[in-house]
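Please work through the following exercises with the sequence and the structure open beside you. Each task is followed by a solution that proceeds step by step.

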Amino acid sequence: MKLAVPTETRSDEQRVSIVPDIAGRLVGQGVEVVVQAGAGKRAFFPDAAYEEKGAVVRAGPRETTVDADLVTKVHAPTAAEVELLPEGATLVSFLQPAADLDAVRSLSQRKITAFSLDLVPRISRAQSMDALSSQATVSGYLSGLAAAVRLPKFFPLFMTAAGTVPPAKVLVLGAGVAGLQAIATARRLGAQVRAYDVRAAAKEEVQSLGATFVELELETQEGSGGYAREQSEEFLARQRELISNEVAVSDVVITTAAVPGRKAPVLVTTDMVERMVAGSVVVDMAADAGGNCELSEPGVDIDHNGVVVAGLTNPPSAMPTHASFLYSRNVNNFLALLIQDGELRPDFDDEIVVRSCVLRNGEVVNEAATQLLEGKGAS
Ligand code: NAD
């Protein structure tokens with residue numbers, strides 16, 4: 001059984017789906033691992049490190065995937081990448097049917113079986129395969145650092161001979177996996193942290209990190225699988241009204257609020273940014289999904305009356321070594337459900353395998369993808 005690891009082709013992507021250590025583990029299980037030359041370079045995993053672990057390094061994407069049974073990637077494949085997949089091969093990557101519908105169509109034509117790590121159910125047995133969480137951990141950590149380096153002030157309280165500096169006031173909106181990591185990072189740097197989330201469970205988690213939970217007179221918005229549900233415009237308008245004063249008194253606002261498969265809700269308006277003191281910072285981790293701040297633009301730092309609004313894009317790629325280290329472990333744990341005795345034999349009786357499968361031998365088996373392809377929209 002041959003597993004191919006091509007280089008990610010997105011120009012802003014530095015991660016690799018399999019790191020040398022995991023390649024070695026797979027080789028030990030009898031899998032032939034073929035890595036595209038330079039696939040791990042931007043994450044600081046040289047070709048030689050793969051070869052030392054028994055993987056084969058091949059020159060280009062075509063040579064890498066030509067005879068593969070299984071291909072692992074970080075991002076959903078582009079049309080050109082799908083062309084290079086052998087007919088009937090199996091793909092494991094992030095693949096959101098709503099965002100990657102063209103990829104689903106072309107994978108179907110090539111009779112690919114595709115599993116998406118976006119769709120791994122959030123049950124305890126699948127935690128070790130939860131790539132959304134592992135990559136959100138990286139994003140949250142980075143957003144804390146991104147805020148600290150942009151703020152023209154210290155994060156911690158400083159008592160010096162020259163005088164005492166108060167700690168920075170950080171507000172985190174959205175306390176899921178990334179938000180909690182942003183809180184932890186800001187706390188480690190000594191900031192005074194407050195946080196808000198629409199899910200009730202977030203309160204205790206925020207408090208356990210030594211931050212204060214901001215209570216708003218609003219109903220909680222629980223969805224399924226631990227996620228928030230999509231909120232009405234009326235709810236969001238009320239939330240913005242209630243959170244406005246909290247934003248105004250913060251040195252830093254970090255927004256991480258997402259609703260899976262939907263545009264991110266606007267939590268911070270232009271008016272709210274205008275109430276912040278010059279020198280303050282907004283870090284918008286949801287910039288890729290439309291932004292939680294009205295002013296944010298993906299990949300750009302906007303200066304609005306002296307307030308910097310940083311729209312982070314693809315944050316895990318900015319810390320590619322550990323992001324790849326974690327992603328690769330998630331992939332390997334998932335592959336354990338697909339590979340039996342060195343052979344590719346997915347266990348389709350397993351809930352995790354079934355729910356994360358988007359296409360089986362080219363047939364679209366994911367309900368949301370089927371509805372989108374039939375033009376009925378996602379459920
Ligand atoms: P996410 O990235 O989809 O969303 C980020 C956060 O934004 C969520 O906490 C959400 O509640 C919040 N949010 C959405 N709209 C908001 C609004 N208007 N205002 C403020 N906050 C808003 O979610 P995620 O971080 O991937 O996961 C959310 C939660 O799911 C986690 O904190 C955890 O409790 C749970 N989870 C469970 C498992 C498991 O059981 N295996 C795995 C991962 C996560």
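A polar contact, as the term is used here, is a pair of N or O atoms within 3.5 Å. The model is a predicted one.

**Exercise 1. Identify the closest residues around the ligand, and find which of their side chains place a polar atom beside a ligand atom.**

Solution. Begin with the surroundings: the ligand is enclosed by 24 residues, and the closest of these are Arg122, Val177, Asp197, Arg199 and Gln231. Next, take the side chains in turn. In Gln231, a polar side-chain atom lies 2.7 Å from a nitrogen atom of the ligand, which is within the 3.5 Å limit. Asp197 also brings a polar side-chain atom to the ligand, at 2.7 Å from an oxygen atom, and an N or O atom in the side chain of Arg199 is 2.8 Å from a ligand oxygen atom.

**Exercise 2. Determine how H6 is oriented against H7, and which residues make the contact.**

Solution. First read the geometry: H6 (residues 131-150) packs against H7 (residues 177-188) at an angle of about 40 degrees, with the two axes 7 Å apart. The crossing of this pair is right-handed. Then list the partners: H6 contributes Ser133, Ala136, Thr137, Gly140, Tyr141, Ser143, Gly144 and Leu145, while H7 contributes Val177, Ala178, Gln181, Ala182, Thr185 and Arg188. Sorted by class, these residues comprise six nonpolar, seven polar and one charged. Val177 thus appears in this contact and is also listed among the closest residues to the ligand.

**Exercise 3. Decide whether H6 and H11 run roughly parallel or antiparallel, and describe their contact.**

Solution. The axes of H6 and H11 are 9 Å apart, and the angle between them is about 170 degrees. Angles over 145 degrees count as roughly antiparallel, and therefore H6 and H11 are roughly antiparallel to each other. On the H6 side, Ala131, Ser134, Gln135 and Val138 meet Ala323, Leu326, Tyr327 and Asn330 of H11. This contact has five nonpolar, three polar and no charged residues.

**Exercise 4. Repeat the analysis for H1 and H11.**

Solution. The axes of H1 (residues 20-28) and H11 (residues 320-335) come within 9 Å and cross at roughly 20 degrees. Since angles under 35 degrees count as roughly parallel, H1 and H11 are therefore roughly parallel to each other. Their crossing is right-handed. Asp21, Ile22, Arg25 and Leu26 of H1 make the contact with Ser328, Arg329, Asn332 and Leu335 of H11, and the set divides into three nonpolar, two polar and three charged residues.

Notes. Residues are numbered from 1 along each chain as its sequence is written. This is a predicted model: local features need pLDDT of at least 70, side-chain atom pairs count only at pLDDT 80 or more; totals for chains, interfaces and linings use all residues. Side-chain values use heavy atoms; hydrogens and water are left out. Axes are lines fitted to C-alpha atoms, for helices over the stretch in contact, and angles run from 0 to 180 degrees between N-to-C directions. Helices (H or I, at least four residues) and strands (E, at least two) are DSSP runs, numbered from the N terminus. Angles under 35 degrees count as roughly parallel, over 145 as roughly antiparallel, 65 to 115 as roughly perpendicular and the rest as oblique. A crossing is left-handed if the near helix is turned anticlockwise from the far one by less than a right angle, and right-handed if clockwise. Contact means heavy atoms within 4.5 Å. Ala, Val, Leu, Ile, Met, Phe, Trp, Tyr, Cys and Pro count as nonpolar, Asp, Glu, Lys and Arg as charged, and the others, Gly among them, as polar. A residue is near a molecule or strand if one of its heavy atoms lies within 4 Å of it. A polar contact is a pair of N or O atoms within 3.5 Å; within protein, one must be able to donate a hydrogen and the other to accept it, and residues adjacent in sequence count only if both atoms are side-chain atoms.
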